[in-house]
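Colleague: Before I rely on any of the labels attached to this model, I would like to go through them one by one. Could you show me the structure and then set each value against the rule behind it?

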Amino acid sequence: MHSTLPIQHDFSLRQLNTFGIDARARAYLRVTSAAQLRAALADPALAAMPRLVLGGGSNLLLTGDFAGLVLHIAIEGREVLPGDAEHVHVRAAAGENWHAFVQWTLEQGFGGLENLSLIPGTVGAAPIQNIGAYGLEIKDRFLSLSAFDPATGQIVAMRGGDCRFAYRDSIFKQEPGRGLIVLDVSFSLPRNWQPNLRYAELASAVAEQGLAQPTPRQVADTVIAIRRRKLPDPAEVGNAGSFFKNPVVDAAHCARLLEQFPALVHHVQPDGSEKLAAGWLIDQCGWKGRSMGAAGVYPKQALVLVNNGGATGADVQRLAAAIQADVEARFGVRLEPEPVFI
């Protein structure tokens, strides 16, 4: 093994995943530089191991111990870059906490990311999942990123089109880009900022405060308040945020469901398909607040599965499968999990 690398063995990952699952890694390295990453992957013994790249651990479910090398990306740094007449550009290293980075951009006086406040995880994980909330996705503000390619040992630069962003998806979750390790991400923020209040719940919450012309900070604070009201803090209750993607069905399927369930929550998409609210579907099947063993459904939001204390990844998997079966039986819709199962 590479003698200069601080590799730890039989390492507990409980503090490194927001579900709080106590799985163990055969080998673990906290990566604080691209050079360290290159050294680890140039080591024959380490390179031969199965590999798990970990950021904030907020979008994965550890279903058992990991018999390989965990690379915990903890590279830090953030900076303002030269922009242009219409946009200011900012860059953050992959290990930076996402929410802290968003708050930092606001402190610099830059709006544009405020709708994505309080999303757990790291900057490096954000483009992989194309995180989104309250009418905004990463792709809407993305400029570029740098990624390490273990296959070549090279650092590659990628623009928006290279990343193949889609709903909670990107090239990094597909075969061509699955092995790439994000090192830093740059964003393009509008100098002539306008609030993004397309999401009805956010718009009404801003209006209730009497904010005719809200500032970026006021929008951020409103988003934070809504999220805190609806979602459990992973530091208190283990969870990975929204566990299922909102399913998209064709218009005919949606029309049939509306005949049977007039209260169905649905949103028409630009291509004419319909996005259904997974939380509503789960709630209608009676799962909100229910538990199976130590895994449960959060009482305030049916889309969130929680670790009520001592749950294993298998416990959460069983609960998720039972919910999927009920929703499919009742609505003919298959829910797809958001977190990656390891």
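**Labels and their grounds**

Modeller: Let me begin with one residue pair, in which Arg78 stands opposite Ala92 in strand S7, and let me add at once that the model is a predicted one.

Colleague: How do you know that strand S6 and strand S7 are paired, and which way do they run?

Modeller: Two strands pair if at least two bridges are found between them, and four bridges join S6 (residues 78-81) to S7 (residues 87-93), which run antiparallel. A hairpin of five residues makes the connection from S6 to S7.

Colleague: What makes S14 and S15 edge strands?

Modeller: The open sheet has three strands in the order S14-S16-S15, with antiparallel pairing, and strands S14 (248-249) and S15 (266-268) each pair on one side only. Two bridges join S14 to S16 (residues 274-276), with Val248 opposite Lys275 of S16. Helix H8 (residues 251-260) lies across S14, S15 and S16, and runs at about 50° to S16.

Colleague: Why is the pair of Phe142 and Phe165 called edge-to-face?

Modeller: By the ring rule the model has 12 aromatic pairs. In this one the ring centres are 5.1 Å apart, within the 6.5 Å limit, and the planes stand at 75°, over the 60 degrees that the label asks for, so the pair is edge-to-face. Phe142 belongs to strand S10 (residues 142-149) and Phe165 to the loop between helix H5 (160-163) and strand S12 (181-190), so the pair ties together parts 23 residues apart in sequence. Both rings belong to buried residues, because Phe142 has 10% relative accessibility and Phe165 has 18%, each value being under 20%.

Colleague: What makes the pair of Trp280 and Phe331 tilted instead?

Modeller: Their planes are 55° apart, which is neither under 30 nor over 60 degrees, and the 6.0 Å between centres is within 6.5 Å, so the pair counts as tilted. The pair links helix H9 (residues 278-284), which holds Trp280, with helix H10 (residues 313-331), which holds Phe331, and the two residues are 51 apart in the chain. Trp280, at 16% relative accessible area, is buried, and Phe331, at 3%, is buried too. Elsewhere, ring pairs link Phe19, Phe243, Phe244 and Phe341 into a cluster.

Colleague: How do you know that the length of helix H7 agrees with its number of residues?

Modeller: At 1.5 Å a residue, the 15 residues of H7 (residues 216-230) should span 21 Å, and the end C-alpha atoms are 21 Å apart, so the two values agree. Among its buried residues are Val219, Val223 and Ile226, and the buried residues of H7 pack against helix H3 (98-107), strand S8 (132-133) and helix H6 (200-208).

Colleague: Why is Arg290 called partly exposed?

Modeller: Its relative accessible area is 39%, which is neither under 20% nor over 50%, so Arg290 falls in between. Arg290 sits in the loop between H9 and strand S17 (291-292) and, leaving aside neighbours within four places in sequence, is in contact with Cys285, Gly296 and Val297.

Colleague: What puts Arg290 over the face of Trp287?

Modeller: Arg290 lies 3.8 Å from the ring centre of Trp287, and the rule asks for a distance within 6 Å as well as a position within 35 degrees of the ring normal. Lys275 likewise lies over the face of Tyr167, at 3.8 Å from the ring centre.

Conventions. Residues are numbered from 1 along each chain as its sequence is written. This is a predicted model: local features need pLDDT of at least 70, side-chain atom pairs count only at pLDDT 80 or more; totals for chains, interfaces and linings use all residues. Side-chain values use heavy atoms; hydrogens and water are left out. Contact means heavy atoms within 4.5 Å. Axes are lines fitted to C-alpha atoms, for helices over the stretch in contact, and angles run from 0 to 180 degrees between N-to-C directions. Buried means under 20% relative accessible area, exposed over 50%, partly exposed in between (1.4 Å probe, protein chains only). The expected span of a helix is 1.5 Å times one less than its number of residues.
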